Structure formats: structure tokens, C-alpha cells
Amino acid sequence: KLSKAIRRNFKKYKKITGTNIILTSNKKTVIATRENKFPRYYQMSMAQNESLRIFSSEPLPNMPQMSWQPLEMGEIIEINHKRGALKRHKLKSKGKL
């Protein structure tokens, strides 16, 4: 699974500050945040409505009509483009999926 591969890859590298990753293809998009020492700085946020999903490093002030939610540290989100389905992989205790 892609989410497990991303977690394994995160573990290979020393935690210096923080990491956010956005990967996309024709079939899916994956957004990942790594646990870090500066969660306010390395935060990702998501907003969505019936026709739109936005991921950003912070809520966009020019889009106040959107309801912004922060992603949890260590969370990985997968979006299936064909179905529009969003799946959240939250970090369990001790850094395991």
C-alpha cells in the first residue's frame, strides 16, 4: 500500500524539522504530513464542498466561504480520482499504521 510505503520512507530520514508531501497521478492523489517539532509551521489544511477540494499549507484567506480543517500530524490522505473517494490514514500510537 502506498500509505505504508510513505510511512516507511519517512522513518528512513532523521527528523530535522518537518515534511509535507503531495503526490498525484491520473488515478489518485496522496497528501502526507510527517510528525514534527513545529506542527503549526508544517501544518496542512483541507477545505471541501460538493464540487471542490483544496489542500494548502494554511487556510486561504481569500476563500472564507470554505470550511477549513487541519490535517493531523502523521496523517496520510488518499483521493481516488475516478470515484472521488477520500480515505484518511491516521497515525496510531507509537508511529504505526
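In the predicted model, T17 is partly exposed, because its relative accessibility is 31%, a value between the 20% limit for buried residues and the 50% limit for exposed ones. The residue belongs to the loop that links α1 (2-12) to β1 (20-24). Beyond its neighbours within four places in sequence, T17 makes contact with N36, K37, F38 and Y42. Of these, F38 is separated from T17 by 21 residues in sequence, while the C-alpha atoms of T17 and F38 are 6.8 Å apart.

The strand that follows this loop, β1 (20-24), enters an open sheet of four strands, ordered β1-β2-β6-β7 and paired in the antiparallel sense. Strands β1 and β7 (86-89) occupy the edges; each has a single partner strand, so one side of each lacks a neighbour in the sheet. From one strand to the next, the twist averages 10°. Helix α1 packs on this sheet and touches β1, β2, β6 and β7, its direction making an angle of about 35° with that of β2.

Pairing within the sheet begins with a hairpin formed by β1 and β2, with three residues between the two strands. Five bridges connect β1 and β2 in antiparallel fashion, and L23 is placed opposite V30 of β2. Strand β2 (residues 28-33) is also joined to β6 (residues 76-80) by five bridges, again antiparallel. Here T29 has I79 of β6 as its bridge partner. The antiparallel pairing of β6 with β7 comprises four bridges, and I76 is matched with H89 in β7.

Burial is pronounced in β2, where five of the six residues are buried. One of the residues of the largest nonpolar core is I31, which is grouped there with M44, M46, F55, L71, I77 and I79, giving seven residues in all. Outside its neighbours within four places in sequence, I31 contacts I21, I22, M44, F55, L71, E75, I76, I77 and I79. In soluble globular proteins, nonpolar side chains tend to be buried together.

Strand β3 (residues 45-48) includes S45. With a relative accessibility of 3%, S45 is classed as buried, since this value falls under the 20% limit. When residues up to four places away in sequence are not counted, the contacts of S45 are I54, F55, S56, E58, P59, W68, Q69, P70 and L71. Among them, F55 and L71 are also members of the largest nonpolar core.

Definitions and conventions:
Residues numbered from 1 in each chain as written. Predicted model: local features only at pLDDT ≥ 70, side-chain atom pairs only at ≥ 80, totals over all residues. Heavy atoms only, no water. Buried < 20%, exposed > 50% of the residue type's maximum accessible area, 1.4 Å probe, protein only. Contact = heavy atoms within 4.5 Å. Pairing = 2+ DSSP bridges. Core = buried A, V, L, I, M, F, W, Y, C linked by side-chain atoms within 4.5 Å. Axes fitted to C-alpha atoms, helices over the stretch in contact; angles between N-to-C directions.
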